[in-house]
Amino acid sequence: MPVPVPHQRTAVLPHQAGPVDHGCAETARAAAVGMPAHGGCPEASAPPQATPLEASHGSVDSAPLPRDLPAAELPRPAADRRLPAGWTAARPASGHASAEVADDVSSATPEDPADAASPEPASQPAQGLTLLLIGEDPNSHVPEMWDWAGRKVRLRTARNLTEAERLLTDDVHCILLDLTPADPHGREELPQGSSARFAPAGTPAHSRADAPGAPGDELAVLRAVLRMAPSQAVLVLTCETDAERAADAVRVGAQDYLFRDELDEKVLSRAVRYAVERKRADLAQRQLTESRLRAQENARLERGLLPTPLLDGSELRFATCYRPGRSRALLGGDFYDTVRTPDGTVHAMIGDVCGHGPDEAALGVELRIAWRALTFAGLYGDELLATLQKVLENERSDDEIFATLCTVDISEDGHRAGVCLAGHPAPLLARAGEQPELLPYEFGGPALGLLPEARWPRRQVELGPAWSLLMYTDGLIEGRIGEGNRRLGQEGMTELVARQMASGLTGEELLEASVREVRALNGGELTDDVAVLLLDRR
């Protein structure tokens with residue numbers, strides 16, 4: 001059966017009411033249920049008139065009101081919204097209740113016999129928007145508003161910034177700031193109830209209401225609210241004659257402004273909804289901008305960590321191709337470097353740290369820098385790799401992390417080279433007029449970080465007058481072929497590179513074409529880091 005809608009009556013919210021006389025407490029409690037009290041305030045002794053709600057539920061017994069009556073059993077009084085001068089009261093839409101009390105007031109409507117038989121909903125509906133009004137008039141109420149889903153907008157009121165900071169919780173979506181007329185001397189007046197009359201610019205939000213003001217800032221209160229509520233939308237309410245300051249408020253950071261004389265339910269509801277959405281869009285845009293700036297900084301940092309070959313005075317040609325396996329990264333766990341020492345020897349290195357995260361990439365950079373420093377210090381072969389293993393053991397975050405490495409030192413005339421392998425795939429050598437072939441792997445040692453007393457023998461290789469030496473990481477050979485689990489492997493990579501060389505490709509073009517074909521055979525992006533280094537002598 002339909003529930004009769006009660007006539008509007010005045011209800012004073014707890015934070016708006018003054019001190020309550022204890023002698024009137026029982027009278028006020030009795031008046032809430034329409035019953036006389038035993039003593040109390042004299043003006044409350046007259047019997048109350050029955051309201052339509054009381055008439056629909058029958059007469060109320062005149063027995064004394066028990067002091068321990070639970071608050072949930074008290075009837076819910078309808079609240080009469082008193083509007084400031086110039087505001088237009090609007091009746092709620094059909095199907096909605098016409099009264100509302102503050103969130104912190106515990107009250108309930110008496111049950112109707114027909115309603116008691118109806119089942120209760122399984123879950124409470126989602127809460128709508130919450131509006132915080134900051135104004136000097138504690139009895140100022142705004143028209144009833146409804147959000148996108150037809151839920152009533154909850155209202156909280158604060159007389160000053162101290163109360164506003166206490167009421168500002170995470171569920172507040174919008175703040176309606178009632179700006180008082182500007183002071184003739186260019187100062188913004190705080191709402192009544194603040195301990196200071198003027199609010200200065202630059203004062204922290206938690207102490208705005210207690211600090212002396214400074215002339216020249218007409219929007220000091222707004223600036224304090226914006227600092228206090230960086231995630232909430234802010235609407236400014238002012239007079240139509242103060243339009244210039246209202247526009248300045250939007251430039252300072254408010255989402256919009258409203259005039260008191262034009263305010264009604266529709267205008268305010270639409271302004272609140274739009275302000276909330278604009279604030280959400282602003283926050284999303286700010287996060288996107290910060291993310292882009294952070295990505296640019298990371299890109300510059302990673303690009304700066306990539307090596308620059310030092311081959312001044314050498315007749316060798318150098319080319320490289322680098323593809324990190326991590327999405328949107330420029331640096332992976334693979335690393336490489338090439339330098340020429342004062343004696344004319346060209347040293348090249350390529351390595352791979354197990355794993356694909358930023359920690360592995362940082363460790364790879366540390367190993368590369370250590371290799372360059374040790375090479376310029378005159379170390380090579382087994383002595384150099386043993387020292388690098390000590391660096392790895394001290395810098396790695398986990399004892400199970402290891403790194404593979406391949407080093408090559410080429411003589412000044414370019415005809416011979418010494419090769420050391422530490423768990424790394426053997427390089428590919430292509431001499432002039434011959435098919436590319438893999439260098440022997442049997443002479444290699446274990447990966448760095450596996451055996452504390454490991455040794456890595458250095459093997460001498462004859463290169464010849466003209467040759468190409470291809471050094472790579474396992475990301476190039478571990479790609480799949482077709483839909484099965486078959487891998488490309490070193491043999492497949494050798495055939496692929498030989499075919500590219502036969503077509504006349506050299507240098508970076510040869511590397512790029514080889515990596516593209518490996519990706520095509522894999523059916524998409526390679527999941528592991530890929531680093532390829534090519535040294536040529538013609």
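Leaving out neighbours within four places in sequence, Ser514 is in contact with Leu496, Val497 and Gln500. In this predicted model, Ser514 sits in helix H11, which covers residues 507–522. With a relative accessible area of 7%, Ser514 falls under the 20% limit and therefore counts as buried.

Next come the sheets. One of them is open and has 5 strands in the order E2-E1-E3-E4-E5, with parallel pairing. Its edges are taken by E2 and strand E5 (256–259); each has a single partner strand, so one side of each is left without a neighbour in the sheet. On average, neighbouring strands here are turned by 25 degrees against each other, direction ignored. Inside this sheet, strand E3 (residues 174–178) and strand E4 (residues 233–238) run parallel and are joined by 5 bridges. Cys174 stands opposite Ala233 in E4. A helix also packs here: H6 (residues 243–252) lies across E4 and E5, and runs at about 155 degrees to E5.

Met145 belongs to the loop between strand E1 (130–134) and strand E2 (154–158). Is Met145 buried or exposed? At 2% relative accessibility, Met145 counts as buried, because the cut-off for that class is under 20%. Not counting residues up to four places away in sequence, Met145 touches Leu131, Arg151, Lys152, Val153, Glu265, Leu268, Ser269 and Val272. One of these contacts spans a good stretch of chain: Met145 and Leu268 are 123 residues apart in sequence, yet 7.4 Å apart in space, C-alpha to C-alpha.

The other sheet is open too, and its 5 strands follow the order E7-E8-E9-E10-E13 with antiparallel pairing. E7 and strand E13 (459–462) are the edge strands, each pairing on one side only. From one strand to the next, the twist averages 20 degrees. Within the sheet, strand E8 (residues 346–353) and strand E9 (residues 403–410) run antiparallel, and 8 bridges join them. Ala348, for instance, has Val408 in E9 as its bridge partner.

Two helices lie across strands of this antiparallel sheet. Helix H8 (residues 358–376) lies across E7, E8 and E9, and runs at about 15 degrees to E7. Helix H9 (residues 381–395) lies across E9 and strand E10 (416–422), running at about 150 degrees to E9.

That leaves the aromatic rings. A pair of rings is described by the distance of the centres and the angle of the planes. The count comes to 2 aromatic pairs. Tyr257 and Phe259 make a tilted pair, 5.5 Å centre to centre and with 55 degrees between the planes. How do the two residues fare for exposure? Tyr257 counts as partly exposed, at 30% relative accessibility, whereas Phe259 is buried, with a relative accessible area of 14%.

Tyr322 and Tyr336 have ring centres 6.0 Å apart and planes at 50 degrees, so this pair is tilted as well. The pair links distant parts of the chain, with Tyr322 in strand E6 (residues 317–323) and Tyr336 in strand E7 (residues 334–340), 14 residues apart. Tyr322 and Tyr336 are both buried.

Terms used: Residues are numbered from 1 along each chain as its sequence is written. This is a predicted model: local features need pLDDT of at least 70, side-chain atom pairs count only at pLDDT 80 or more; totals for chains, interfaces and linings use all residues. Side-chain values use heavy atoms; hydrogens and water are left out. Rings of Phe, Tyr and Trp (its six-membered ring) pair if their centres lie within 6.5 Å; planes under 30 degrees apart count as stacked, over 60 as edge-to-face and the rest as tilted. Buried means under 20% relative accessible area, exposed over 50%, partly exposed in between (1.4 Å probe, protein chains only). Helices (H or I, at least four residues) and strands (E, at least two) are DSSP runs, numbered from the N terminus. Contact means heavy atoms within 4.5 Å. Two strands pair if DSSP finds at least two bridges between them. Axes are lines fitted to C-alpha atoms, for helices over the stretch in contact, and angles run from 0 to 180 degrees between N-to-C directions.
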